[in-house]
Amino acid sequence: MRFLEETESESVFERRFEHEHEGRLVPGLLWTPSGARGPRPLVLIGHGASGTKREAYVVGLARRVVRHRGFAAAAIDGPVHGHRRADLGDDRALTFLEFSQRWAGDDGMTDAMVGDWRATLDHLQGLDEVGPGPTGYWGLSMGTILGLPFVAAEPRIVVAVLGLMGLTGPTKARVAADAPNVVCPILFLVQWDDELFDKATAFDLFGALGAADKRLHANPGRHGAVPLEEFEFSEAFLARHLAG
């Protein structure tokens with residue numbers, strides 16, 4: 001893992017990093033408390049389609065768990081997003097189109113992203129300021145399309161926030177197969193008027209999750225209209241399970 005840039009603001013230390021996994025460049029961001037030493041819980045954050053690891057809600061959630069809870073947080077760019085692209089994801093419409101094409105036509109995309117997340121977690125847990133502490137995952141929409149299989153495959157994930165996704169789409173069969181293996185506590189978010197993933201398919205996915213401790217929050221509004229209260233609740237939900 002190589003650290004490329006660093007900034008510090010309001011007691012949060014942000015570093016951009018990259019590493020290689022199976023020939024792929026994996027770009028990411030790490031947030032830790034300023035001057036952090038010793039192990040601490042870690043929250044991994046997956047962004048949505050057409051976005052990047054620097055989406056405002058990603059950075060906002062990361063800074064919340066660092067400042068309010070003393071945790072570490074990290075995000076990586078998804079396939080054909082952000083620093084994985086020559087244009088750095090500036091053309092959001094093109095990024096969304098290319099991701100949709102990959103989702104429909106690349107059977108290996110999900111496994112590649114699961115591998116990238118697991119390798120990133122390996123690197124991060126090797127840092128003194130993170131260490132091998134408990135790890136949570138937060139990811140909606142594409143963050144669930146690619147994150148749910150990661151949570152299912154990774155026993156180090158002890159709590160997750162998922163949603164804005166249903167049992168539908170090109171990888172429906174893969175998600176359906178992985179969902180029963182998601183056994184950690186789950187918060188699942190649904191937008192009642194979601195124009196991309198009908199709520200009925202979201203309820204189907206929630207029902208398929210294997211976790212004994214799972215809860216569903218539904219809010220009015222379209223796909224991208226998740227209210228601020230859900231980010232606040234996400235923080236508290238993750239912290240309860242990561243900090244004990």
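**Close-up 1. Helix α1 passes helix α8 in a right-handed crossing.** A crossing is called right-handed if the near helix is turned clockwise from the far one by less than a right angle, and left-handed if anticlockwise. In this predicted model, local features need pLDDT of at least 70 and side-chain atom pairs count only at pLDDT 80 or more, whereas totals for chains, interfaces and linings use all residues. Residues are numbered from 1 along each chain as its sequence is written, and side-chain values use heavy atoms, with hydrogens and water left out.

**Close-up 2. The axes of α1 (residues 56–69) and α8 (residues 228–243) come within 10 Å and cross at roughly 45°.** Helices are DSSP runs (H or I, at least four residues), numbered from the N terminus, and their axes are lines fitted to C-alpha atoms over the stretch in contact, with angles from 0 to 180 degrees between N-to-C directions. The two helices are therefore oblique to each other, a word kept for angles that are not under 35 degrees, over 145 or from 65 to 115.

**Close-up 3. Tyr 57, Leu 61 and Arg 64 are among the residues of α1 in the contact, and Phe 231 and Glu 232 are among those of α8.** Contact means heavy atoms within 4.5 Å. The residues of this contact divide into six nonpolar, one polar and four charged; Ala, Val, Leu, Ile, Met, Phe, Trp, Tyr, Cys and Pro count as nonpolar, Asp, Glu, Lys and Arg as charged, and the others, Gly among them, as polar.

**Close-up 4. α2 (92–105) and α4 (142–145) each supply at least two residues of the lining of the largest pocket.** The largest share of this lining, five residues, comes from α2. By class, the lining has 14 nonpolar, seven polar and two charged residues.
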